[in-house]
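Subject: A structure for you to look through

Dear colleague,

I am handing over the structure that we talked about, and below it you will find notes on what was found. Please keep it open beside you while you read.

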Amino acid sequence: MWVVSLKLFHYAAQFSEQCHDAVGFGWSDAAHIHDWQKMTANVTAEVQRLNGIYQKLLLDAGVAVIRGAAQFVDAQTVAVDGKKYRHSVF
C-alpha cells in the first residue's frame with residue numbers, strides 16, 4: 001500500500017500551489033495552514049481502510065492469506081518465513 005500513501009502525500013504536496021493558482025480563477029487568497037500530523041493520520045487511516053477492503057475481498061474469494069517475509073525460490077515456488085509454497089497448476 002505504499003503506492004497509495006505516496007499518491008496521497010503527492011496530492012497534499014500539490015495542494016498549496018493549486019490554491020495559489022486558483023486566485024487567478026476567482027478564488028480568494030486565504031491563508032492555508034498545513035497540519036502534518038493530521039495529514040499523516042488521515043493517510044494511515046485511508047491505507048488501513050483500503051487494506052481492510054482488499055483483505056475482505058480476498059477472504060470472500062477463498063484466498064489463503066499468508067503473512068510474512070517472502071522470496072521467490074523458482075517459477076512456481078515462494079518461501080515465506082522459511083516455509084515453501086508451490087503452485088502446482090502450471
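Let us begin with Arg-86, which is exposed because its relative accessible area is 58%; here buried means under 20% relative accessible area, exposed means over 50%, and partly exposed is anything in between, worked out with a 1.4 Å probe and with protein chains only. Please bear in mind that this is a predicted model, in which local features need pLDDT of at least 70 and side-chain atom pairs count only at pLDDT 80 or more, while totals for chains, interfaces and linings use all residues. Residues are numbered from 1 along each chain as its sequence is written, and side-chain values use heavy atoms, with hydrogens and water left out.

As for confidence, pLDDT is the predictor's own confidence in each residue, on a scale from 0 to 100. The protein chain averages 85, and 91% of the residues score at least 70. Among the elements of the chain, the lowest mean pLDDT, 79, belongs to helix α1 (residues 2–22), whereas β2 has the highest, 95. Helices (H or I, at least four residues) and strands (E, at least two) are runs assigned by DSSP and numbered from the N terminus.

To return to Arg-86, its side chain meets that of Asp-74 in a salt bridge, with 3.6 Å from N to O. Arg-86 lies in strand β3 and Asp-74 in strand β1, so this pair ties together parts that are 12 residues apart in sequence. A salt bridge is counted when a side-chain nitrogen of Lys or Arg is within 4 Å of a carboxyl oxygen of Asp or Glu, and by this rule there are three. Side chains of opposite charge can pair when their charged atoms come close. Asp-74 counts as partly exposed, because its relative accessibility is 36%.

The strands that hold this pair belong to an open sheet of three strands, in the order β1-β2-β3 and with antiparallel pairing. Its edge strands are β1 (70–74) and β3 (83–86), each of which pairs on one side only, and neighbouring strands are turned by 30° against each other on average, direction ignored. That angle is taken between axes, which are lines fitted to C-alpha atoms (for helices over the stretch in contact), and such angles run from 0 to 180 degrees between N-to-C directions. Two strands are said to pair if DSSP finds at least two bridges between them.

How many bridges join β1 to β2? There are four, and the two strands run antiparallel; they form a hairpin with two residues between them, and the bridge partner of Asp-74 in β2 is Thr-77. Of the five residues of β1, the number buried is zero, so this strand lies largely in the open.

On the other side, four bridges join β2 (residues 77–80) to β3, again in antiparallel fashion. Here Thr-77 stands opposite Arg-86, and Val-78 has Tyr-85 as its bridge partner. These two strands also form a hairpin with two residues between them, and Asp-81 is placed in the loop between them. Although Asp-81 is not a glycine, its phi is positive, at about 50°, and the residue counts as exposed because its relative accessibility is 57%.

The other salt bridges take us to helix α2 (residues 36–60), where Leu-59 is also found. Arg-49 forms one with Glu-46, the closest N and O atoms being 2.9 Å apart; because the two are three residues apart in helix α2, about one helical turn separates them. Both are partly exposed, Arg-49 with a relative accessibility of 44% and Glu-46 with 26%. Asp-60 and Lys-56 meet in another, at 2.6 Å from N to O, and since they are four residues apart in helix α2, they too are separated by about one helical turn. Asp-60 counts as exposed, with 56% relative accessibility.

Which residues make the nonpolar surface patch? They are Leu-58, Leu-59, Val-63 and Val-65, and the patch has about 300 Å². Of these, Leu-59 counts as partly exposed, because its relative accessibility is 45%. Patches are made of residues with over 30% relative accessible area and no salt bridge, where like charges are joined within 9 Å and nonpolar side chains (Val, Leu, Ile, Met, Phe, Trp, Tyr) within 5 Å. The accessible areas come from the Shrake-Rupley method with a 1.4 Å probe, and for residues only the protein chains shown count as cover.

With best wishes
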